[in-house]
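Biologist: I should like to learn how to read a structure of this kind, one feature after another. Could we look at it together?

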Amino acid sequence: MNPYQANSRHPLAKAIIEHAKECGEDKDNFLLPEAHDFDSIAGRGLKAIVQSKQILVGNKSLMIEHNISIPDDAKKKLAEIERKGQTGVLVSIDSELTGIVAISDPLKPGAREVISILKSMKVRTIMATGDNWGTANSICRQVGIETFIAEANHQQKVKEVEKLQDQGHAVAMVDVSRSNSLALAAADVGIAVGARTGIAMEAADINLTKDNLEDVVTAIDLSRKTISLNHLNLVCACVHNFLGISMATAAPFLLGFILQPWIAGMIATCSSLGLVMSPYLLKKYKRPKKLENLEIHGIRVDQ
């Protein structure tokens with residue numbers, strides 16, 4: 001295993017460290033050699049000096065950038081790992097490839113069903129990931145996502161968000177890894193899933209504390225209903241003002257009396273009270289019926 005990854009906050013690094021602890025003889029006193037000159041390379045991997053040896057851990061691009069040769073058998077093994085939808089992490093010691101670590105990141109419960117529901121809501125879904133093309137393609141096929149950007153670092157994700165915005169789209173960035181704060185801030189709406197602390201929580205506009213993708217559907221549906229209620233309030237206010245002005249103007253001619261100021265005041269107060277009270281209708285909000293038969297842990301959808 002790769003002890004120098006203890007300096008990294010990346011989820012893959014944490015997975016490797018946890019597995020190393022499980023494989024160790026003494027789990028309670030698990031010690032790692034100290035890493036020097038540690039450098040985390042966004043979208044590529046990391047490098048460090050451990051016990052006077054140059055260590056590189058990351059994807060194929062990182063190895064190519066440092067002129068490290070990848071043997072044919074390693075390429076075949078890496079392709080096999082990618083076909084399984086796993087992430088292949090290459091390990092180099094002193095400019096020589098010494099191993100490949102295969103990491104499986106299981107799909108979140110209900111991911112495929114949530115993507116299907118989003119499609120039915122006319123929401124286009126694009127996946128941006130730091131994983132390689134093969135892994136990204138495999139995951140997208142499993143969940144039903146048609147468009148994806150692979151091997152994307154934080155800056156590339158921001159550029160993709162800005163590109164969609166330039167095309168006139170309203171962009172919501174959903175972060176499930178808690179490490180895409182730049183893209184969250186750049187999007188029109190940033191949604192952090194399962195983030196309870198950290199930069200991602202501060203950068204997001206909506207924080208979903210439960211680690212459930214179903215809540216993304218609920219958040220979008222609730223926001224749409226809120227906007228619809230605002231539109232309804234605007235229409236009611238316009239109709240009220242039109243009828244009020246018309247009645248005040250026509251009353252002397254059609255009814256033979258002048259509308260008293262106190263009556264107009266009461267009508268205006270009732271209108272304002274209605275606009276203030278209407279948001280309380282959202283208290284009766286219920287999540288979309290499409291989610292009712294979706295079991296978060298069992299992943300069951302009734303057709």
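Modeller: A helix is a DSSP run of H or I with at least four residues, a strand is a run of E with at least two, and both are numbered from the N terminus. Please keep in mind that this model is predicted. With that naming, helix α5 comprises residues 133-143, and G144 follows α5 with a positive phi, near 90°.

Biologist: How many helices and strands does the protein chain have?

Modeller: The protein chain has ten helices and ten strands. Of its 303 residues, 34% are buried. The chain exposes about 18900 Å², of which carbon and sulfur atoms supply 56%.

Biologist: How should I read a sheet?

Modeller: Strands of a sheet pair through backbone hydrogen bonds, either parallel or antiparallel. One open sheet here has five strands in the order β1-β2-β3-β4-β5, and their pairing is antiparallel. Its edge strands, β1 (35-41) and β5 (96-103), each pair on one side only. On average, neighbouring strands of this sheet are turned by 15° against each other, direction ignored.

Biologist: How many bridges join β1 to β2?

Modeller: Five bridges join β1 to β2, the strand of residues 45-50. Within this pair, I41 stands opposite G45 in β2. Helix α3 packs on the sheet, where it touches β4 and β5, and the direction of α3 makes about 15° with that of β5.

Biologist: Is the pairing in the sheet of β8, β9 and β10 parallel or antiparallel?

Modeller: That open sheet has three strands in the order β8-β9-β10, and the pairing is parallel. Here β8 (172-175) and β10 (206-208) are the edge strands, each of which pairs on one side only. Strand β9, residues 189-193, pairs with β10 over three bridges, and V193 stands opposite L208 in β10.

Biologist: Let us take a single residue. Is M173 buried or exposed?

Modeller: The cut-off for a buried residue is under 20% relative accessible area. M173 has 12% relative accessibility and therefore counts as buried. This residue lies in strand β8. Leaving aside residues up to four places away in sequence, M173 touches N180, A183, L184, A187, V189, G190 and I191. The C-alpha atoms of M173 and A186 are separated by 8.6 Å, and the two residues are 13 apart along the chain.

Biologist: How many residues of helix α5 are buried?

Modeller: Eight of the eleven residues of α5 are buried, and the helix is mostly covered. Among them are G134, A136, I139, C140 and V143. The buried residues of α5 pack against α3 (72-83), β4 (87-93), α4 (111-120), β6 (126-128) and β7 (147-149).

Biologist: Which residues form the nonpolar patch on the surface?

Modeller: V235, V239, F242 and L243 form it, with about 400 Å² of accessible area together. An α-helix has 3.6 residues a turn, so residues three or four places apart point the same way. F242 is placed in helix α9, residues 214-254.

Biologist: Why does F242 count as exposed?

Modeller: A residue is exposed at over 50% relative accessible area. F242 counts as exposed because its relative accessibility is 58%.

Definitions and conventions. Residues numbered from 1 in each chain as written. Predicted model: local features only at pLDDT ≥ 70, side-chain atom pairs only at ≥ 80, totals over all residues. Heavy atoms only, no water. Pairing = 2+ DSSP bridges. Buried < 20%, exposed > 50% of the residue type's maximum accessible area, 1.4 Å probe, protein only. Contact = heavy atoms within 4.5 Å. Patch = residues over 30% accessible without salt bridge, like charges linked within 9 Å, V, L, I, M, F, W, Y side chains within 5 Å. Areas by Shrake-Rupley, 256 points an atom, 1.4 Å probe, with all protein chains shown as cover. Salt bridge = Lys/Arg side-chain N within 4 Å of Asp/Glu carboxyl O. Axes fitted to C-alpha atoms, helices over the stretch in contact; angles between N-to-C directions.
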